[in-house]
Amino acid sequence: MIDSTQARPALRWQPNRVGLLFSLILIPFLLWLGNWQLQRAEEKRSIVALHADNQAAPRVELNTLSDSTGLQYRRVIVAGQFRASPAFVIDNKVRHGRPGYEIAQVFVPSDGSPALLVNRGWLAAPLDRRQLPELQPVVGTVRIHGVLYRRLSGGLQLDDRVAPPLAALQRVGWLDVARVADWLDEPLFSYQLRLERDSPAALETGWPVVAIYPQKHTGYAVQWFIMAAVLVVLTLIANSNFAAWFKARRQN
């Protein structure tokens with residue numbers, strides 16, 4: 001009778017240099033991608049928590065706040081007048097499956113505070129994309145209210161080649177406060193104001209807090225880690241007699 005323990009093959013390492021090199025490069029990269037997605041999930045959790053906290057705070061007059069950090073998503077109210085020009089038409093904003101624009105204008109507070117950039121919301125684009133939308137002017141002093149917002153870091157901003165002098169209705173590819181302040185050569189409040197739905201001068205409003213929520217980032221991380229684990233097993237199989245050794249072990 002043959003002793004089953006003696007018939008069991010020993011685990012032997014049979015390296016395939018090309019395959020092994022490929023795995024040694026790809027496995028750390030997959031692990032890095034997983035950790036990066038976990039970091040992104042944590043960043044998004046912080047953003048969502050800040051949004052919830054500042055949205056729960058009562059709406060306040062803008063002039064009671066200092067122009068500082070920590071005001072993201074804070075609800076404020078301010079009285080003043082819109083400058084008729086330049087008005088900014090932010091291109092490539094899709095809602096409800098339709099292409100459109102977001103409309104932004106400079107707003108001058110009545111109390112002498114620094115002017116601020118106001119995003120009035122979304123308009124559907126005309127069928128002819130060369131034609132810009134017609135804006136109804138907002139005349140006189142109004143009290144508007146909305147949410148303070150500073151553009152989050154990251155993301156690719158393509159060069160739309162916009163530079164002064166600006167048109168009265170200026171199409172732009174992207175927009176933030178610093179860019180407008182540079183064009184106008186004047187200081188602006190460091191946050192823009194996104195109007196709420198029931199504010200005077202509001203168009204179609206409402207913006208997602210984040211493009212991708214933390215749960216999805218965590219799901220992506222799990223996928224990268226699973227791929228790394230599978231590659232480890234495949235590398236072991238390709239560079240040893242692991243499959244035969246494991247089969248014999250299962251049989252015995």
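In this predicted model, strand β5 is largely enclosed by the rest of the structure, since 7 of its 8 residues are buried. The strand runs over residues 142-149 and has partners to go with that. With β2, β5 pairs in the antiparallel sense over 6 bridges, and here V78 sits opposite I144 of β5. With β7, the pairing is again antiparallel, this time over 4 bridges; L148 has L193 in β7 as its bridge partner.

Several of these residues turn up again in the nonpolar interior. The largest nonpolar core counts 18 residues, and F107, V118, I144, L148 and L193 are the ones with the most contacts inside it. At least two core residues come from each of β2 (75-95), β4 (116-124), β5 (142-149) and β7 (192-195). A second core, separate from this one, holds 14 residues, including F88, A104, L175 and L188.

F107 is worth a look of its own. Setting aside neighbours within four places in sequence, its contacts take in V78, A79, G80, Q81 and F82, along with A115, L116, V118, V142 and I144. So the bridge-facing pair V78 and I144 both appear in the contact list of F107, given that contact means heavy atoms within 4.5 Å.

Out on the surface, things are nonpolar too: V222, I226, V230, V233, L234 and I237 make up a patch of about 480 Å². Of these, I237 belongs to helix α4, which covers residues 214-238. Its relative accessible area is 37%, so I237 counts as partly exposed.

Notes: Residues are numbered from 1 along each chain as its sequence is written. This is a predicted model: local features need pLDDT of at least 70, side-chain atom pairs count only at pLDDT 80 or more; totals for chains, interfaces and linings use all residues. Side-chain values use heavy atoms; hydrogens and water are left out. A nonpolar core is a set of buried Ala, Val, Leu, Ile, Met, Phe, Trp, Tyr and Cys residues joined through side-chain atoms within 4.5 Å. Buried means under 20% relative accessible area, exposed over 50%, partly exposed in between (1.4 Å probe, protein chains only). Two strands pair if DSSP finds at least two bridges between them. Patches are made of residues with over 30% relative accessible area and no salt bridge: like charges are joined within 9 Å, nonpolar side chains (Val, Leu, Ile, Met, Phe, Trp, Tyr) within 5 Å. Accessible areas come from the Shrake-Rupley method with a 1.4 Å probe; for residues, only the protein chains shown count as cover. A salt bridge is a side-chain nitrogen of Lys or Arg within 4 Å of a carboxyl oxygen of Asp or Glu.
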